[in-house]
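Visitor: I'd like a close look at one part of this protein, the nonpolar core. Please take me through it slowly, and then show me what sits around it.

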Amino acid sequence: MYTSYPESIVKTHFFDFQLEKRTRVSIVVYDKMGKIVSNLVDSELDAGEHGVVWHAVDNNGMPLSKGVYFYTIETDEFKASKTMSIAR
């Protein structure tokens with residue numbers, strides 16, 4: 001189970017999720033062309049509640065321009081994709 005908020009962001013986006021057991025977790029943000037712009041998580045995490053704060057920057061720490069972005073949250077047993085928009 002996870003939550004992601006807000007859908008339209010200015011500076012900060014939050015990804016909160018709970019794991020029932022230790023598992024690999026990946027959270028990746030893509031631009032509208034499908035190019036990876038930010039790898040937020042790619043590691044094994046313990047069971048329990050977790051949170052990731054993203055400041056709408058790319059992998060080089062540069063602020064992303066306003067527009068629509070996509071993200072995936074994936075574990076060994078779950079995968080979801082959603083959209084979000086950056087409104088600077």
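Guide: Let's pin down the term first: a nonpolar core here is a set of buried Ala, Val, Leu, Ile, Met, Phe, Trp, Tyr and Cys residues joined through side-chain atoms within 4.5 Å. Keep in mind that you're looking at a predicted model.

The largest such core has 18 residues, and Phe15, Ile27 and Trp54 touch the most other members. Strands β3, β4 (23-30), β5 (36-45), β6, β7 and β8 (79-86) each put in at least two residues. For the backdrop, the protein chain has 8 strands and 0 helices, and buried residues make up 34% of its 88 residues.

Start with β3, residues 13-19, and look at its two faces. His13, Phe15, Phe17 and Leu19 are on the covered face, while Phe14, Asp16 and Gln18 are on the uncovered one. So Phe15, one of the three best-connected core members, is on the covered side of its strand. This strand pairs with β6 in the antiparallel sense, over 7 bridges. Across that pairing, His13 stands opposite Trp54 in β6, and Trp54 is another of those three.

Now stay with Phe15 a moment longer. The structure holds 1 aromatic pair. Its partners are Phe15 and Tyr71, with ring centres 5.1 Å apart and planes at 80°, so the pair is edge-to-face. Phe15 belongs to β3 and Tyr71 to β7, and the pair links distant parts of the chain, 56 residues apart. Both Phe15 and Tyr71 are buried.

Ile27 is the third of the trio. Setting aside residues up to four places away in sequence, Ile27 touches Phe15, Phe17, Ser38, Asn39, Leu40, Val41, Val52, Thr72 and Ile73. You can see the long reach in the whole chain too: among contacts with a separation of 6 or more, 51% are between residues 24 or more positions apart.

Asn39, from that contact list, is found in strand β5. With 43% relative accessibility, Asn39 counts as partly exposed. Beyond its neighbours within four places in sequence, Asn39 is in contact with Ile27, Val28 and Asn59. Asn39 and Ser26 are 13 residues apart in sequence, with their C-alpha atoms 7.9 Å apart in space.

Go to Thr23, which lies in strand β4. Its relative accessibility is 7%, so Thr23 counts as buried. Apart from neighbours within four places in sequence, Thr23 is in contact with Ser43, Glu44, Leu45, Thr75 and Asp76. Two of those names, Glu44 and Asp76, come back in the salt bridges below.

That takes us to the charged residues. Side chains of opposite charge can pair when their charged atoms come close. The structure holds 5 salt bridges, and I'll walk you through some of them.

Lys21 and Glu77 meet through their side chains, 2.8 Å from N to O. Lys21 lies in the loop between β3 and β4 and Glu77 in the loop between β7 and β8, so this pair ties together parts that are 56 residues apart in sequence. Lys21 is partly exposed at 45% relative accessibility, whereas Glu77 is exposed, with a relative accessible area of 64%.

Next is Glu44 with Arg22, whose closest N and O atoms are 3.5 Å apart. Glu44 is in strand β5 and Arg22 in the loop between β3 and β4, so the parts they tie together are 22 residues apart in sequence. Both count as partly exposed: Glu44 has a relative accessible area of 44% and Arg22 has 47%.

Then there's Asp76 with Arg24, where the closest N and O atoms are 3.8 Å apart. Asp76 sits in the loop between β7 and β8 and Arg24 in strand β4, so parts 52 residues apart in sequence are tied together. Asp76 counts as exposed at 52% relative accessibility, while Arg24 is partly exposed, with a relative accessible area of 28%. Salt bridges that share partners also join Arg22, Glu44 and Asp46 into one network.

One backbone detail to finish. Ala56 is in the loop between β6 (48-54) and β7 (67-75). Most residues other than glycine have a negative phi. Ala56 has a positive one, near 55°. Ala56 is also buried, with a relative accessible area of 0%.

How values were computed. Residues numbered from 1 in each chain as written. Predicted model: local features only at pLDDT ≥ 70, side-chain atom pairs only at ≥ 80, totals over all residues. Heavy atoms only, no water. Helix = DSSP H or I, 4+ residues; strand = E, 2+ residues; numbered from the N terminus. Buried < 20%, exposed > 50% of the residue type's maximum accessible area, 1.4 Å probe, protein only. Pairing = 2+ DSSP bridges. Contact = heavy atoms within 4.5 Å. Phe/Tyr/Trp six-rings, centres within 6.5 Å; stacked < 30°, edge-to-face > 60°. Salt bridge = Lys/Arg side-chain N within 4 Å of Asp/Glu carboxyl O.
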